[in-house]
Amino acid sequence: MMLGTIPAAMGAGRSGIRRLIGSGFLGAEAVFARASRATSFDASSLLSDVAADVPRFPGTARRLMIEGARTNGVRNPRAEGGAPGTLGAGGSAPSNWTLGVGSTGLLPVISYGTENGLPYLQLDVSGVPTGTSSVDVFCDTTSAIAAAPSQSLVFSAFLKLHAGSLAGVATDNRVQFYNSVPTFLSDTGASATWGGGGLGTSRFQHPVTAVADTAFVRSRLRFNLTSGVAVSFTVRMAAPAFETGAFASSPILPPALMVAAATRAADILTASVAALFPAGAGTLLWSGTIPQAAPAGVEQILAQLDAGSDSNRIRLRNAAGGLTLVADFIAGGVAAGTLTLGSMVAGVPFKVALAWSGTGLSGLLAGGTVQTASATAPAGLTTLRFGNNVAGASGLFGEVASASALSYRAGDASLSTLLGALS
């Protein structure tokens, strides 16, 4: 917050602004918790482990990352337990992984290492195939990763073309669905994308919806080779993941040498309503970015004030199924005073303000027009909560650059000036 510009926007005699979130820090009133370790890329694109209850400020922007809980069903995303060398001649796949070469007649040379903090499997494939077939990579077994019919799932992995060329080599990923036996049901494919820079900058995502009778899923990354056509390429694959959701979250890895599915708990950031808004009115200034649209049927909470349940709250959210910012009161589970503030662009930083009192609320998405509604605010609110609802079902999965609170409802005409001063 550019504090030197704030007093004029407040008006004569106004005070009480609190900085809650800033670049690389949290204000004294903000309380952060996360019940597990997590990962984060630093300013040099190096992935590091972050201890439980420690906030993450990734990249050069140092915005606060807030994500909901997720589990990576792949049990060995660190690619541990394999041996370097030519496949079948000393070289072997990681534990729970399978490498296949079909009738190509080519045996990949396997190696292991770490790039950008990501432990990877490397495959060197060179020569002239004697048959038209494929080199396949399966990163788990057919009955390890549980799923359910109609469930939204996403497979992801960091993929890099490290050397050589994939010209003439069609690469795709297929998510395979199995029943409880497990018997193969069907699969769905997507062209794999390979980065050429740092491994940590080239993440492939493949969202799918599970078919009827699905009990398990797995992925198959395939390199399609043609008989008699020479190939020479070196690829790296790191941190494969299967998550429940429409998009991938930050990399989820179990501790080293632990071959098991791993869960990252939700990031939880709260502050006391009584301390910030003692008169029952207030203004919240928020800036940040959301990398993706909200999935169908799932809203993304930027911030809310509640009393320990989602039945009574003041809510600022990215509405389900899109990129539209909406604010409202909810009392007894019924929404009132709904404001549609406008649309943002996925991955592009934006600023938004919400001001309220006992009789109504106002909001502004920077660059838009102030929206105002009269409604009775829910009573007895105790907690300002960032990035999720009480139920934990509305994770932001985004980054907050700055958030500040004013202890009164700012006038509609001042909201644009206040947002202009927000870093």
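Which strand does Leu361 lie in? Leu361 is part of strand 29, residues 360–365. Keep in mind that this is a predicted model.

## Around Leu361

Leu361 has a relative accessible area of 0%, so this leucine counts as buried. Quite a list of residues touches Leu361, even with residues up to four places away in sequence left out. Among them are Ala327, Asp328 and Phe329, then Gly337 and Leu339, then Leu354, Ala355 and Trp356. Gln371, Thr372, Ala373 and Arg409 also touch Leu361. As for Ala215, its C-alpha atom is separated by 47 Å from that of Leu361, and the two residues are 146 places apart along the chain.

## The seven-stranded sheet

Now for a sheet that is open and built from seven strands. Going across, the order is 3-22-31-24-25-26-27, with antiparallel pairing. Strand 3 (31–33) and strand 27 (334–343) are the edges, each pairing on one side only. On average, neighbouring strands here are turned by 15 degrees against each other, ignoring direction.

Zooming in on one pairing, strand 22 (residues 268–272) and strand 31 (residues 383–386) run antiparallel and are joined by four bridges. Here Ala271 stands opposite Leu384 of strand 31.

The loop between strand 24 (300–306) and strand 25 (313–318) holds Asn312. Is Asn312 buried or partly exposed? Its relative accessible area is 26%, so Asn312 is partly exposed. Asn312 still touches several residues, including Leu305, Asp306 and Ala307, as well as Ile330, Ala331 and Gly332. Pro378 and Leu381 are also among its contacts. The C-alpha atoms of Asn312 and Ala246 are separated by 28 Å, with their positions 66 residues apart along the chain.

## Nonpolar cores

How many residues does the largest nonpolar core have? The count is 42, and the residues with the most contacts inside this core are Leu302, Phe350, Val352, Trp356, Leu384 and Phe386. Strand 28 (residues 350–357) supplies the largest share, four residues.

Phe386 makes a good entry point if you are browsing the model. Leaving out residues up to four places away in sequence, Phe386 touches Leu20, Ile21, Ile66, Leu269 and Leu284. Trp286, Leu302, Ala303 and Ala403 are on the list for Phe386 too.

Another core, of 39 residues, lies apart from the largest one. Leu106, Val135, Ala147 and Trp194 are among its members.

## Strands 4 and 5

Strand 4 and strand 5 (residues 47–50) run antiparallel, with four bridges joining them. One bridge partner pair is Ala38 with Val50 in strand 5. Five residues sit between the strands of this hairpin, and Ser45 takes a positive phi near 65 degrees there.

Side chains in a regular strand alternate between the two faces of the sheet. In strand 4, Ala38 and Ser40 point one way while Thr39 and Phe41 point the other way. All four of these are buried.

## Aromatic rings

Across the whole structure, a search turns up eight aromatic pairs. Two of them are set side by side here.

| Pair | Centre to centre | Angle between planes | Type |
|---|---|---|---|
| Phe41 and Phe158 | 6.0 Å | 65 degrees | edge-to-face |
| Phe223 and Phe233 | 5.3 Å | 20 degrees | stacked |

The Phe41 and Phe158 pair links distant parts of the chain, 117 residues apart: Phe41 belongs to strand 4 (residues 38–41) and Phe158 to strand 15 (residues 152–165). Both Phe41 and Phe158 are buried.

Why is the pair of Phe223 and Phe233 stacked? Their planes are at 20 degrees, with ring centres 5.3 Å apart, so the pair is stacked; planes under 30 degrees apart count that way. Phe223 comes from strand 19 (residues 216–225) and Phe233 from strand 20 (residues 231–244), ten residues apart. Phe223 counts as buried because its relative accessibility is 1%. Phe233 is buried as well, with a relative accessible area of 2%. Ring pairs also bring in Trp194, making a cluster of Trp194, Phe223 and Phe233.

One arginine is worth a look alongside the rings. The charged end of Arg70 sits over the ring of Phe247, 5.0 Å from the ring centre. Arg70 also lies over the face of Phe397, at 4.6 Å from the centre of that ring.

Methods: Residues numbered from 1 in each chain as written. Predicted model: local features only at pLDDT ≥ 70, side-chain atom pairs only at ≥ 80, totals over all residues. Heavy atoms only, no water. Pairing = 2+ DSSP bridges. Helix = DSSP H or I, 4+ residues; strand = E, 2+ residues; numbered from the N terminus. Axes fitted to C-alpha atoms, helices over the stretch in contact; angles between N-to-C directions. Phe/Tyr/Trp six-rings, centres within 6.5 Å; stacked < 30°, edge-to-face > 60°. Buried < 20%, exposed > 50% of the residue type's maximum accessible area, 1.4 Å probe, protein only. Lys NZ or Arg CZ within 6 Å of the ring centre and 35° of its normal. Core = buried A, V, L, I, M, F, W, Y, C linked by side-chain atoms within 4.5 Å. Contact = heavy atoms within 4.5 Å.
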